[in-house]
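Student: I would like a close look at one part of this structure, followed by its surroundings. Please take it slowly and in one connected account, with reasons where they can be given.

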Amino acid sequence: MKQHFMMFAAYNQWANTRIYDAAADLDEEELGRDVGAFFSSMLGALNHLLVTDRIWMKRFTGEGDAPSNLATILYRAFPGLRVAREAEDRRIVDWVGGMADKAFTGRFSYMTTDMRTVSQRLAPALSHLFNHQTHHRGQAHMCLTVLGRPSVPLDLMLFQRSEEGRAYA
């Protein structure tokens, strides 16, 4: 099971890099333009992903900052947002890679953003973290499309065929 989640952590990092590379070509107005995405804009979508990763990593590890509002804009300027994303991706990769195999079958408890206590198995929660990333990267991809930018192929199979992903294929 650990290898499975290591693959998703590495894929997550790879896909985020590709989305951020594409978003780097947007100007400030384009980044903030409301294009009808769930979090309005590219900036909103990318911030939301960072916010939720921080929330989940705080739940998983007990460490780090965890905003209470899912629409929090942590960074208005793209360069700072990108640096923070890269650091969070490294944090996720390192955390998953440092876990014992048995940990994935265990349970953990956490407080939700609406102050409920939940106890659940780690593996399904970790699956949610990566699935959530995929969902909102799709929203970010839609932002690029609306802004007239080229498609960014993000399929898991492309990652597995890439140099970074061959170890997981």
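Tutor: Sorted by class, the residues that line the largest pocket are 4 nonpolar, 6 polar and 1 charged, and since this is a predicted model, every statement that follows describes a prediction. The pocket itself has a volume of about 160 Å³. Its lining is made up of His48, Thr52, Ile55, Trp56, Arg59, Leu70, Tyr110, Thr112, Thr113, His128 and His132. Two elements, H3 and helix H5 (122-146), each give two or more residues to that lining, and H3 provides the largest share, 5 residues. You can match the classes to the names yourself: Ile55, Trp56, Leu70 and Tyr110 belong to the nonpolar class, while Arg59 belongs to the charged class because arginine is counted there together with Asp, Glu and Lys. The histidines His48, His128 and His132 fall in the polar class, because histidine is in neither of the other two lists.

Let us stay with two of these lining residues, Trp56 and Arg59. The charged end of arginine 59 sits over the ring of tryptophan 56, at 4.4 Å from the ring's centre. Tryptophan 56 also takes part in a cluster in which ring pairs link Trp56, Phe60, Trp95, Phe108 and Tyr110. Trp56 and Tyr110 therefore appear twice in this account, as members of the ring cluster and as part of the pocket lining, a double role you can check by comparing the two lists.

Now follow helix H3 to aspartate 53, which lies in that helix. What is the relative accessible area of aspartate 53, and is the residue buried or exposed? The value is 0%, so aspartate 53 counts as buried, the cut-off for that word being under 20%. Leaving aside residues up to four places away in sequence, aspartate 53 touches Asn12, Arg85, Glu88, Ile92, Leu129 and Gln133.

One of those contacts, glutamate 88, deserves its own look. Glutamate 88 lies in helix H4 (residues 78-97), and at 5% relative accessibility it too is counted as buried. With residues up to four places away in sequence again left out, glutamate 88 touches Leu50, Asp53, Arg54 and Met57. The contact between the two acidic residues thus shows up in the list of aspartate 53 and in the list of glutamate 88.

From here we can turn to aromatic rings in general, for the model has 13 aromatic pairs. One of them joins tyrosine 11 and tryptophan 14, whose rings are 5.9 Å apart, centre to centre, with 35° between the planes, and the pair is called tilted. Why are these two partners about one helical turn apart? They are separated in that way because they stand 3 residues apart in helix H1 (residues 2-23). Both tyrosine 11 and tryptophan 14 are buried. Tyrosine 11 has another ring partner, phenylalanine 159: the centres are 5.7 Å apart and the planes stand at 65°, so this pair is edge-to-face. This pairing links distant parts of the chain, since tyrosine 11 is in helix H1 and phenylalanine 159 is in helix H6 (residues 156-161), 148 residues apart. Like tyrosine 11, phenylalanine 159 is buried.

Finally, set these buried places beside some loop residues. Glycine 36 is found in the loop between helix H2 (28-32) and helix H3 (42-61), and with a relative accessible area of 61% it is exposed. Its C-alpha atom is separated by 28 Å from that of methionine 57, which is 21 residues away along the chain. In the loop between H2 and H3 lies serine 40 as well; it has a positive phi of about 75° although it is not a glycine, and at 31% relative accessibility it counts as partly exposed. Methionine 115, in the loop between strand S1 (107-111) and strand S2 (117-121), likewise has a positive phi, near 70°, in a residue other than glycine, and its relative accessible area of 61% makes it exposed. Serine 151 lies in the loop between H5 and H6 and is exposed at 57%; between serine 151 and arginine 33 there are 18 Å in space, C-alpha to C-alpha, and 118 residues in sequence.

Notes:
Residues numbered from 1 in each chain as written. Predicted model: local features only at pLDDT ≥ 70, side-chain atom pairs only at ≥ 80, totals over all residues. Heavy atoms only, no water. Phe/Tyr/Trp six-rings, centres within 6.5 Å; stacked < 30°, edge-to-face > 60°. Helix = DSSP H or I, 4+ residues; strand = E, 2+ residues; numbered from the N terminus. Buried < 20%, exposed > 50% of the residue type's maximum accessible area, 1.4 Å probe, protein only. Lys NZ or Arg CZ within 6 Å of the ring centre and 35° of its normal. Contact = heavy atoms within 4.5 Å. 1 Å grid on protein atoms, 1.4 Å probe; cavity = no way out; pocket = protein on both sides within 12 Å on 5 of 7 lines; lining within 4 Å. Points joined across faces, edges and corners; volume = space filled by probe spheres on them.
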